[in-house]
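Biologist: Can you walk me through this one? I'd like short answers, please.

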Amino acid sequence: MNAPTERPAPAAAGSANEFDVVIVGAGFAGMYMLHRARGQGLRAVVFEAGDGVGGTWYWNRYPGARCDVESMEYSYQFDDTLQQQWHWSERFAPQPEILKYANHVADRYDLRRDIRFSTRVTAAHFDEAGARWNVTTDRGDQVSGRFVVMATGCLSSTNKPAFPGLETFTGPTYHTGEWPHEPVDFSGKRVAVIGTGSSAIQSIPIIAKQASELWVFQRTANYSVPARNAPLDPGYEARIKAEYQAFRARNSQMMGAFGSAFPRSEVSIFSASDEERDRAFAERWNRGGLGFQGAFADLMINPNANEIAADWVRERIREIVKDPATAELLCPTQVLGCKRMCVDTGYFETFNQPHVHLIDIRPGGIEAITPRGVKAAGREFEVDAIVFATGFDAMTGTLLRIDVRGRDGVSLRDAWAAGPRTYLGLNVAGFPNLFTVSGPGSPSVLTNMIVSIEQHVNWIAGCMAWLRAQGRRTIEATPQAQEAWVGHVNAVADTTLYPHCNSWYLGANVPGKTRVFMPLIGFPDYVKRCDEVVARGYEGFAVA
Ligand code: NA7
């Protein structure tokens with residue numbers, strides 16, 4: 001899919017600090033937004049906290065970091081030459097290669113000249129008289145923009161629990177989401193990893209190869225499927241490239257905008273015999289990756305169906321992990337898939353190594369961090385380094401760290417005090433001309449993020465062009481449309497098992513965060529809805 005031809009706008013009047021579009025973040029969303037804005041002849045600037053592009057893939061450099069969407073699908077599709085020329089080396093791309101791709105895109109489209117790196121946006125205030133946003137950064141920039149696009153990412157603010165005594169630890173500490181740029185060598189070290197989500201599950205097998213002792217502190221066991229990662233098959237790559245656009249089109253019809261090569265089965269688990277169930281699960285387990293969850297049509301809808309799949313995975317864990325007590329501890333008990341499933345390489349096997357220990361912290365959590373290590377389960381574990389794999393203040397964290405004020409000076413923090421409320425996950429009532437890329441209320445984290453990002457950026461770019469063509473200045477969601485949308489997002493979630501456990505989709509991982517199911521389930525219906533809104537003259541938006 002190529003970006004539609006844009007009609008250039010007249011050059012913006014005003015000083016060097018006046019822009020048509022101010023973009024926050026230079027991850028995949030911010031980079032593409034900049035490219036599209038330029039394509040319309042708009043003056044755009046990007047502020048980026050890191051000193052390079054890549055967003056999530058810039059920050060998450062922990063050992064073993066890898067995408068759980070297959071690499072032939074996890075890339076931009078707006079430029080067919082780009083997708084034809086780029087070559088991925090593995091079935092699931094490792095973080096350094098994705099970062100290399102982000103840098104390639106920045107160079108290829110000459111994006112860096114409009115990106116101000118190492119600069120964090122601290123405030124964005126709407127000036128009603130001028131219908132412009134005044135944006136401030138931690139480096140003293142003060143710029144204004146007709147539009148603000150929050151390309152701030154869904155997993156970009158780390159969750160750092162305030163463990164008592166945290167500051168007293170004498171060794172180095174690391175958060176997986178803010179990993180140092182230099183390689184970290186754990187050779188011969190005693191290491192603690194706190195958390196057993198995706199970041200921990202990817203990094204633990206690698207850390208275990210170096211550490212002399214590895215203590216893993218687990219509050220909730222997670223379901224994980226083997227990645228079966230391998231060098232990318234050149235034949236497969238050639239077949240996809242021979243029909244890349246058709247492949248993309250098929251993926252866009254999937255609930256999560258990926259995985260059309262192995263789509264979700266339409267068969268109910270209850271119409272399958274025991275042998276058929278086993279065969280279906282085994283086929284997907286052996287193929288590797290997130291497709292496991294699609295073995296039957298009703299796994300995420302019916303609790304009994306889900307429990308059968310969960311049991312099947314628990315059996316595999318018991319087969320892999322030799323010590324029965326450790327195996328039992330590693331067996332998750334929550335609904336399968338209601339926390340995002342993990343995709344691993346040798347995670348459960350790692351616990352068969354004598355120097356790797358699993359500590360159940362369910363009863364009392366982490367009691368304290370001490371100068372010498374971690375206190376939990378009634379004892380102190382002496383370690384040389386601690387890795388916090390404790391996740392993110394997802395979807396809203398970064399947005400709410402910025403002092404965003406819309407009409408009447410109302411802050412986004414107040415507007416979202418009872419949880420995020422958006423229309424289409426693209427805009428918030430009372431915040432004209434401010435767009436959120438993959439914001440709460442859009443499919444975002446339940447999809448192939450790059451596909452969702454492109455869909456959002458295309459929509460936003462189209463909206464800006466439309467406003468200009470109509471001679472209008474502002475667009476904002478009506479409160480009524482927003483209320484109805486929030487209701488819709490919740491209603492869709494409630495037809496599934498997703499809200500059934502304490503996941504970051506619900507904000508339940510961050511103490512004090514309001515419990516609201518944030519992403520919308522189902523990419524194809526969402527895209528249809530976005531297109532209908534446009535076809536009906538931006539239905540649900542007030543335009544002035
Ligand atoms: P996750 O999936 O949120 O995992 C964080 C882990 O840290 C999880 O096991 C948490 O246990 C644990 N955690 C969080 N807070 C605490 C405290 N206070 N004490 C002990 N343990 C804690 O983050 P990831 O970075 O692994 O993955 C995020 C996404 O990135 C992932 O879904 C993929 O989409 C890619 P809990 O489950 O809350 O009991």
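Modeller: One term to begin with: buried means under 20% relative accessible area, exposed means over 50%, and partly exposed is in between (1.4 Å probe, protein chains only). This is a predicted model, where local features need pLDDT of at least 70 and side-chain atom pairs count only at pLDDT 80 or more, while totals for chains, interfaces and linings use all residues. Residues are numbered from 1 along each chain as its sequence is written, and side-chain values use heavy atoms, with hydrogens and water left out.

Biologist: Okay. How many disulfides does the structure hold?

Modeller: One. A disulfide is a covalent bond between the sulfur atoms of two cysteines. Here it is counted when a pair of cysteine sulfur atoms lies within 2.5 Å.

Biologist: Which cysteines form the disulfide?

Modeller: Cys338 and Cys501, with their sulfur atoms 1.9 Å apart. The torsion about their S-S bond is about 135°, so the disulfide is right-handed.

Biologist: Where do Cys338 and Cys501 lie?

Modeller: Cys338 is in the loop between helix 10 (324–330) and strand 11 (342–344). Cys501 is in the loop between helix 15 and helix 16. The pair therefore ties together parts that are 163 residues apart in sequence. As for the terms, helices (H or I, at least four residues) and strands (E, at least two) are DSSP runs, numbered from the N terminus.

Biologist: Are Cys338 and Cys501 buried or exposed?

Modeller: Both Cys338 and Cys501 are buried.

Biologist: And Cys154, why no bond there?

Modeller: The closest cysteine sulfur, in Cys67, is 13 Å from the sulfur of Cys154, which is too far for a bond. Cys154 has a relative accessible area of 5%, so it counts as buried. Cys331 is in no disulfide either. Its nearest cysteine sulfur belongs to Cys342, 14 Å away. Cys331 is buried too, with a relative accessible area of 7%.

Biologist: New topic. How many salt bridges are there?

Modeller: The structure holds 29. A salt bridge is a side-chain nitrogen of Lys or Arg within 4 Å of a carboxyl oxygen of Asp or Glu.

Biologist: What does Asp114 pair with?

Modeller: Asp114 forms a salt bridge with Arg38, and the closest N and O atoms are 2.8 Å apart. Asp114 lies in the loop between helix 4 (95–108) and strand 3 (115–116), and Arg38 lies in helix 1 (residues 28–39), so the pair ties together parts 76 residues apart in sequence.

Biologist: What about pairs inside a helix?

Modeller: Take Lys241 and Glu237. Their closest N and O atoms are 2.9 Å apart in a salt bridge. Both lie in helix 6 (residues 234–242), four residues apart, about one turn of the helix. Both are buried.

Biologist: Got another?

Modeller: Arg318 forms a salt bridge with Glu315, the closest N and O atoms being 2.7 Å apart. They are three residues apart in helix 9 (residues 303–320), so about one helical turn separates them. Arg318 is partly exposed, at 31% relative accessible area. Glu315 is partly exposed as well, at 38%.

Biologist: Which residues are linked in a network of salt bridges?

Modeller: Arg190, Arg372, Glu380, Glu382 and Asp384.

Biologist: Now the empty space. What's a cavity, and what's a pocket?

Modeller: Picture a 1 Å grid over the protein atoms alone. A cavity is a set of points where a 1.4 Å probe fits but cannot get out. A pocket is an open set with protein on both sides within 12 Å along at least five of seven lines. Lining residues have an atom within 4 Å of a point. Grid points are joined across faces, edges and corners, and a volume is the space filled by probe spheres set on the points.

Biologist: What is the volume of the second largest pocket?

Modeller: About 1000 Å³. Its lining has 50 residues, and Met255, Gly256, Phe258, Leu446 and Tyr498 lie nearest its centre. Helix 16 (523–535) is one of the helices that supply at least two lining residues. Helix 16 gives the largest share, four residues.

Biologist: And how many cavities of 30 Å³ or more are there?

Modeller: Four. The largest has a volume of about 80 Å³. The second largest holds about 50 Å³. Lys241, from the helix 6 salt bridge, is one of the residues lining that second largest cavity.
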